[in-house]
Amino acid sequence: MVFGQVVIGPPGSGKTTYCNGMSQFLNLIGRKVAVVNLDPANDALPYECAVNVEDLIKLEDVMAEHSLGPNGGLVYCMDYLEKNIDWLQSKLQPLIKDHYLLFDFPGQVELFFLHANAKRVIMKLIKRLNLRLTAVHLVDAHLCSDPGKYVSALLLSLSTMVHLELPHVNVLSKIDLIESYGRLAFNLDFYTDVQDLSYLHHHLDQDPRSAKYRKLTKELCEVIENYGLVNFTTLDIQDKESVGNLVKLIDKSNGYIFAGIEESAVEFSKIAVGPVDWDYYRYPFSLVAAVQEKYMTDDESLDVDEDHD
Ligand SMILES: Nc1nc2c(ncn2[C@@H]2O[C@H](COP(=O)(O)OP(=O)(O)O)[C@@H](O)[C@H]2O)c(=O)[nH]1
Ligand SMILES: [Mg+2]
């Protein structure tokens with residue numbers, strides 16, 4: 001069984017930095033990590049990547065050749081990757097024996113809540129290579145500083161969860177910068193726990209641009225609350241404790257914490273079918289003797305064998 005993470009989120013939310021930091025952290029705790037760059041426009045990679053989609057296709061070439069803009073170009077690239085899934089599979093095959101995988105995806109969010117090709121790439125890999133993947137969805141924490149932007153982050157997170165159908169962890173990234181955006185309208189746990197969005201309405205009214213969409217925003221908040229799926233954890237990629245807490249969550253979501261359980265299940269079944277070599281169903285000899293002494297006369301005494309027969 002091979003475990004890993006699908007790292008997604010809007011452009012600039014910190015995906016590439018995350019893959020770099022996360023791979024170093026996982027190395028430190030003894031996991032062999034392979035980072036797979038699936039962003040065909042990811043220039044100047046800070047990490048050493050085990051597989052690079054740019055060896056297959058480059059966004060720049062696609063845009064020039066097919067007169068496409070960056071968004072159309074990326075949809076084309078994902079389509080091309082799906083058609084050439086055998087190429088990716090052959091590159092990953094030697095790694096899956098002993099590596100933990102980190103997939104660095106492009107930031108075009110519509111690839112993950114609208115188009116089907118990125119999802120199909122992921123699903124094919126899961127099926128062919130028996131992967132256990134968690135989607136780690138990064139959203140810049142600065143979106144919390146504006147109620148309208150926060151609602152759009154919630155909506156994006158929800159639609160990505162529903163579309164991808166993977167174990168999913170939403171992350172407010174760059175949390176170390178949150179104070180630099182001014183005082184938040186609520187405590188941080190209001191934004192992470194997503195408990196009662198009705199408190200946002202008052203703040204939305206204060207901005208004339210948001211007030212215009214009051215009814216729409218209210219309805220959207222209700223949709224988000226009715227699903228009850230979205231919450232966030234926070235991340236400062238430079239803080240080991242913050243990364244460690246996130247690793248624990250991800251390990252729970254994709255089952256990494258149960259990775260050794262298959263072996264122990266085999267061990268357990270060996271014990272279960274084997275002969276019982278201890279008398280777990282008998283009263284201990286000392287207890288029987290005590291009962292004897294208390295309730296019975298000598299000639300009525302229980303016949304207790306030395307070897308507990
Ligand atoms: N302060 C801070 N900056 C970060 C953090 N994560 C990413 N960044 C910065 O955010 C910018 C965008 O990051 P990048 O990884 O390229 O984002 P991507 O487009 O999602 O791959 C870079 O300048 C990073 O240095 C973080 O946890 N804290
Ligand atoms: Mg990137």
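1. Val6 stands opposite Phe103 in S4, a register that belongs to the pairing of strand S1 (residues 2-8) with S4, where 4 bridges join the two strands and they run parallel. This is a predicted model, and the points below should be read as a description of that model.

2. On its other pairing, S4 meets strand S2 (residues 33-37) in the parallel sense over 5 bridges, and here Asn37 stands opposite Asp104 in S4. S2 is in turn joined to S3 by 2 bridges, again with the strands running parallel, and Val36 stands opposite Val51 in S3.

3. These pairings form part of an open sheet of 7 strands, whose order is S3-S2-S4-S1-S5-S6-S7 and whose pairing is parallel. Strand S3 (51-52) and strand S7 (233-234) stand at the edges with a single partner strand each, so one side of each is left without a neighbour in the sheet.

4. How many residues of strand S4 (residues 100-104) are buried? The count is 5 of the 5, so the strand is largely enclosed by the rest of the structure. Tyr100, Leu102 and Asp104 point one way from S4, while Leu101 and Phe103 point the other way, and all are buried; the buried set on S4 therefore includes the charged residue Asp104.

5. Leu102 deserves a separate remark, since, leaving aside its neighbours within four places in sequence, Leu102 is in contact with Gly4, Gln5, Val7, Cys19, Met22, Ser23, Val33, Val35 and Val36. In the largest nonpolar core, which has 67 residues, Leu102 is also among the members that touch the most other members, together with Val6, Val7, Val171 and Leu172. The largest share of this core, 8 residues, comes from H7.

6. Helix H7 (residues 147-164) has 18 residues and reaches 26 Å from its first C-alpha to its last, which is close to the 26 Å expected at 1.5 Å a residue. The buried residues of H7 are Pro147, Tyr150, Val151, Ala153, Leu154, Leu156, Ser157, Leu158, Thr160, Met161 and Leu164, a list in which the polar residues Ser157 and Thr160 appear beside nonpolar ones such as Leu154 and Met161. Just after H7, Glu165 takes a positive phi of about 55 degrees, a backbone value that a reader may wish to inspect in the model.

7. The surroundings of ligand 1 comprise 15 residues, of which the closest are Gly14, Lys15, Thr16, Thr17 and Ile237. By character the shell divides into 3 nonpolar, 8 polar and 4 charged residues, and by element the largest share of the shell, 3 residues, comes from helix H1 (residues 15-28).

8. Ser198 lies in the loop between helix H8 (188-193) and helix H9 (199-206). Is Ser198 buried or exposed? With 10 C-beta neighbours inside 10 Å, Ser198 counts as exposed, because the cut-off for that class is 12 or fewer. The C-alpha atoms of Ser198 and Cys221 are separated by 7.7 Å, although the two residues are 23 residues apart along the chain.

9. For the protein chain as a whole, the secondary structure comes to 14 helices and 7 strands, and 32% of the 309 residues count as buried. Among contacts between residues at least 6 apart in sequence, 75% join residues at least 24 apart.

Methods: Residues numbered from 1 in each chain as written. Chains lettered and ligands numbered in written order. Predicted model: local features only at pLDDT ≥ 70, side-chain atom pairs only at ≥ 80, totals over all residues. Near = placed C-beta within 6 Å. Expected span 1.5 Å × (residues − 1). Buried ≥ 20, exposed ≤ 12 C-beta atoms within 10 Å, placed from the backbone. Pairing = 2+ DSSP bridges. Core = buried A, V, L, I, M, F, W, Y, C linked by C-beta atoms within 7 Å. Contact = placed C-beta atoms within 7 Å.
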